[in-house]
Amino acid sequence: MKSVFLLEAFSLACFVLLSQVTAKNSEDIRCKCICPPYKDVEGQIYKQNVSLKDCNCLHVVEPMPVEGKDVEAYCLRCECKYEERSSGTIKVTIIMYLSILGMLLLYMVYLTLLEPMLKRRLFGHSQLIQSDDDVGDQQPFANAHNVLSRSHSRPNMLNKVEHAQQRWRRQVQEQRKSVFDRHVVLS
């Protein structure tokens, strides 16, 4: 029930953001004219929200810094470009990036703060302490699979995840031994 609500909320947010992508803002379309120095007039950049057909010096450069017949010579030196961007796409991209970054930050907080407390509470402090003779440089939860197999109160899915995690840790430990102790690379 909760996951259905979250899925609906996420799809509604995506719909709202994508509808903003299709709508054009006046800031998304502009004409930019770069005019170099001319006689005693300094070079300047002019920006105006105009259509593609009106993207030229006569429609964009306001106020005109020269008068009379110098206007044509001044405008010939200006380089005008029509620019179009999608601020909606930029917003969606930034929101997605920040969302992923936030989820990774929450996961890091979980791994650093909550997981050790949960392990300590579930498995007991005495089971986590192992002697250096038995373990070497293994992970502190190397015997967690044995504890989990004895525990019947935990959900089955959590057991599977914990078992896969322990299997991965054993594989990493075996690879470390092979590479660093025996100088053999596993294939």
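**View 1. Cys-57 and Cys-75 are joined by a disulfide in this predicted model.** Their two sulfur atoms sit 2.3 Å apart. A turn of about -65 degrees about the S-S bond makes this link left-handed. Follow the chain on either side and you meet helices: Cys-57 belongs to helix α2, while Cys-75 belongs to helix α3 (residues 70-77), so the bond ties together parts that lie 18 residues apart in sequence. Is this pair buried or exposed? Both Cys-57 and Cys-75 are buried.

**View 2. Strand β1 is fastened to a loop through Cys-31 and Cys-55.** Here the sulfur atoms are 2.0 Å apart, and they form a disulfide. The torsion about the S-S bond is 75 degrees, giving a right-handed link. Cys-31 comes from strand β1 (residues 29-35), whereas Cys-55 comes from the loop between β2 (44-48) and α2 (57-60), so parts 24 residues apart in sequence are tied together. Cys-31 is buried, and Cys-55 is buried as well.

**View 3. Cys-33 and Cys-80 link two strands.** This disulfide has its sulfur atoms 2.0 Å apart. Its handedness is right-handed, with 110 degrees about the S-S bond. Cys-33 sits in strand β1 and Cys-80 in strand β3 (residues 79-84), so the pair bridges parts that are 47 residues apart in sequence. How does the accessibility of Cys-80 come out? Cys-80 is partly exposed, because its relative accessible area of 25% falls between the 20% and 50% cut-offs. Cys-33, in contrast, is buried, with 0% relative accessibility.

**View 4. Stepping back, the disulfides can be placed in the whole chain.** How many disulfides does a search of the whole structure find? The search finds four. As a reminder for anyone reading the close-ups, a disulfide is a covalent bond between the sulfur atoms of two cysteines. Counting the bonded cysteines along the protein chain, the pairing follows the pattern 1-4, 2-8, 3-7, 5-6.

**View 5. The protein chain around these links has eight helices and three strands.** Starting at the N terminus, the order of elements is α-β-β-α-α-β-α-α-α-α-α. Of the 187 residues in the protein chain, 20% are buried. Among contacts in the protein chain with a separation of 6 or more, 53% are between residues 24 or more positions apart. The accessible surface of the protein chain is about 14,500 Å², and carbon and sulfur atoms account for 61% of that area.

Definitions and conventions: Residues are numbered from 1 along each chain as its sequence is written. This is a predicted model: local features need pLDDT of at least 70, side-chain atom pairs count only at pLDDT 80 or more; totals for chains, interfaces and linings use all residues. Side-chain values use heavy atoms; hydrogens and water are left out. A disulfide is a pair of cysteine sulfur atoms within 2.5 Å. Helices (H or I, at least four residues) and strands (E, at least two) are DSSP runs, numbered from the N terminus. Buried means under 20% relative accessible area, exposed over 50%, partly exposed in between (1.4 Å probe, protein chains only). Contact means heavy atoms within 4.5 Å. Accessible areas come from the Shrake-Rupley method with a 1.4 Å probe; for residues, only the protein chains shown count as cover.
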